[in-house]
Amino acid sequence: MASIPKARTYNDAIDTLNTFQTPYHIAEQQRKAGIRPNVEYVREMRAYLSRIGYSTDELTSLKILHVAGTKGKGSTCAFANSILSRCRSGGDGSSLLKVGLLTSPHLMTVRERMCINSIPISEELFAKYFFEVYDKLTSSPDATVAPKGSAPIYARFLTLMSYHVFLQEKCQVSIYETGIGGEYDATNVVDHPVACAITTLAIDHVFALGNTVDKIAWHKAGILKAGSPAFTIPQAPEAAAVLEERAREKKVELRVLDVDPRLEKVNIRPSALFQKRNATLGIALAEEGLKSVDSNFTPDPKSLPPAFVEGLENMVCRGRCEVKPEGDEMLWHLDGAHTVDSLRIAAKWFAGECKSRKGPRVLIFNQQDRKEAIDFLKELHACAQGGEGRSFDTVIFCTNVTFATGCKRDSVNHQHDPEAIKKLSLQHAFAEKWRCLDPAAKVEVRPTIEEALSYARDLQGSLEEGEMVQAFITGSLHLVGGALGILDGTDAV
């Protein structure tokens, strides 16, 4: 454990939290040794939960909606959260539901990971609850599973902290997005969720979950629990087969949902099949959440309540299909897609957004420490062309470092190879690949997000009348988060 700061401010909490990250060289040693998430991970989480004073039975009062998947789990959680945060509790219905939301990763501030009614908890509350959990982990004599004085690593600590936060703040319904996988995920200490959902499955986190979609499906289905309603959407045949088999083993009825017909007159953005499927899962979860707190609630199979429609149409999921204008000559498009399938969808979305506009198209891309991402570029290039046979005029590869002076505390990441970042090794490899894909494109490498954005902005100086720079930032939520911090004017070291 790190030494306990005396002041115990928010910055102290973040600095201490950052010491829980697994350094790159240790992560590499674990990878080479074949150490993967396993059943011990969940046993340790249960031990840590006990150490901070809670039993798994007490988590039942949070009425948890549990979501796993490769693509769309963040959006599905956001839809369910947006709906429920607009619904009123049972009885006289005089007050709105109090809804907790745990998601990951964060874009600009760690506090985004723990929201109550769509608002990140305050810096004061974060520091208070962080050190309450920290102190209990340090002082507890129970060392039967996890060593005395130890603490879970970064994401697992935040998951543990979220249980404390939502219980202390008396949340009536809580929505939990898994981090990686499901079976051995830190969130999978919940024995009796109100409902579970599995979003679209694809290849990602290969080292931890396996290199085929059926292996990945096995992990994701680990969140399914007997007695809890479970939902998914149409999957690839090999993934669907595993989900069905796992559901039978767990004695769970897994419902495969088509797009909810009640969405026909609802303005879902973007108006694409993948997002309507995410919305469908969000509706199913929200309905189960409402049933758990209001015995009088009965879903109408023909129409959605006004709170549902409002929640769906006003859902905000930063960094996913987000468009930000900057004056009259600059338009930013941001999507944190990071798998080949999600990049394919995001590229088609960008191409659709730009098809009726004139002006240079710019790509800003990175995936740090993922050499296989080089192979993603071919699909990204092809799908961004749309029907015009035109991809990007300028392509910029950068690191996830925000400024030349570094990153703010909330964005510090010790899990990447510092030497590779310093040498821009992966960025130069990306650049070489793109030059082969499109010799006509101007390809640049920049060491920081700030410099990549500045290069794109400078292109406004050569625009002709009626043109605008159309920039697409994608490949990593960490990249998108750093860019949003700059564009919003909220990021500073």
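This report describes two open sheets in a predicted model, together with helices that pack on them.

## The eight-stranded sheet

Eight strands make up an open sheet whose order is β4-β3-β2-β5-β1-β6-β7-β8, and the pairing within this sheet is mixed. The edges are held by β4 (119-120) and β8 (254-256), and because each of these has a single partner strand, one side of each is left without a neighbour in the sheet. Helix α4, which spans residues 73-84, packs on this sheet and touches β1 (64-68), β2 (99-102) and β5 (173-177), while its direction makes about 170° with that of β5.

One of the pairings is that of strand β6 (residues 195-198) with strand β7 (residues 230-232), where the two strands run parallel and are joined by three bridges. Within β7, the residue that stands opposite Ile198 is Thr232.

## The six-stranded sheet

A second arrangement is an open sheet of six strands in the order β9-β10-β14-β11-β12-β13, again with mixed pairing. Here β9 (322-325) and β13 (442-446) are the edge strands, and since each has a single partner strand, one side of each is left without a neighbour in the sheet. From one strand to the next, the twist averages 20°.

Strand β11 (residues 361-365) pairs with strand β12 (residues 394-398) in the parallel sense, and the pairing extends over four bridges. Leu363 has Val395 of β12 as its bridge partner.

## Helices on the six-stranded sheet

Helix α12 (residues 340-354) packs on the sheet through contacts with β9, β10 (330-335), β11 and β14 (469-474), and its direction makes about 165° with that of β14. Helix α16 (residues 449-458) also packs on the sheet, touching β10, β11, β12, β13 and β14, with a direction that makes about 165° with that of β12.

## The contact of α16 with α17

Besides its packing on the sheet, α16 packs with helix α17 (residues 477-488) at an angle of about 65°, the two axes lying 10 Å apart. The crossing in which α16 passes α17 is right-handed.

On the α16 side, the contact is made by Ile449, Glu450, Leu453 and Arg457, and on the α17 side by His478, Leu479, Gly482, Ala483, Ile486 and Leu487. Sorted by class, the residues of this contact between α16 and α17 comprise six nonpolar, two polar and two charged ones.

Terms used:
Residues numbered from 1 in each chain as written. Predicted model: local features only at pLDDT ≥ 70, side-chain atom pairs only at ≥ 80, totals over all residues. Heavy atoms only, no water. Pairing = 2+ DSSP bridges. Contact = heavy atoms within 4.5 Å. Axes fitted to C-alpha atoms, helices over the stretch in contact; angles between N-to-C directions. Left-handed = near helix turned anticlockwise from the far one by under 90°. Nonpolar A, V, L, I, M, F, W, Y, C, P; charged D, E, K, R; others polar.
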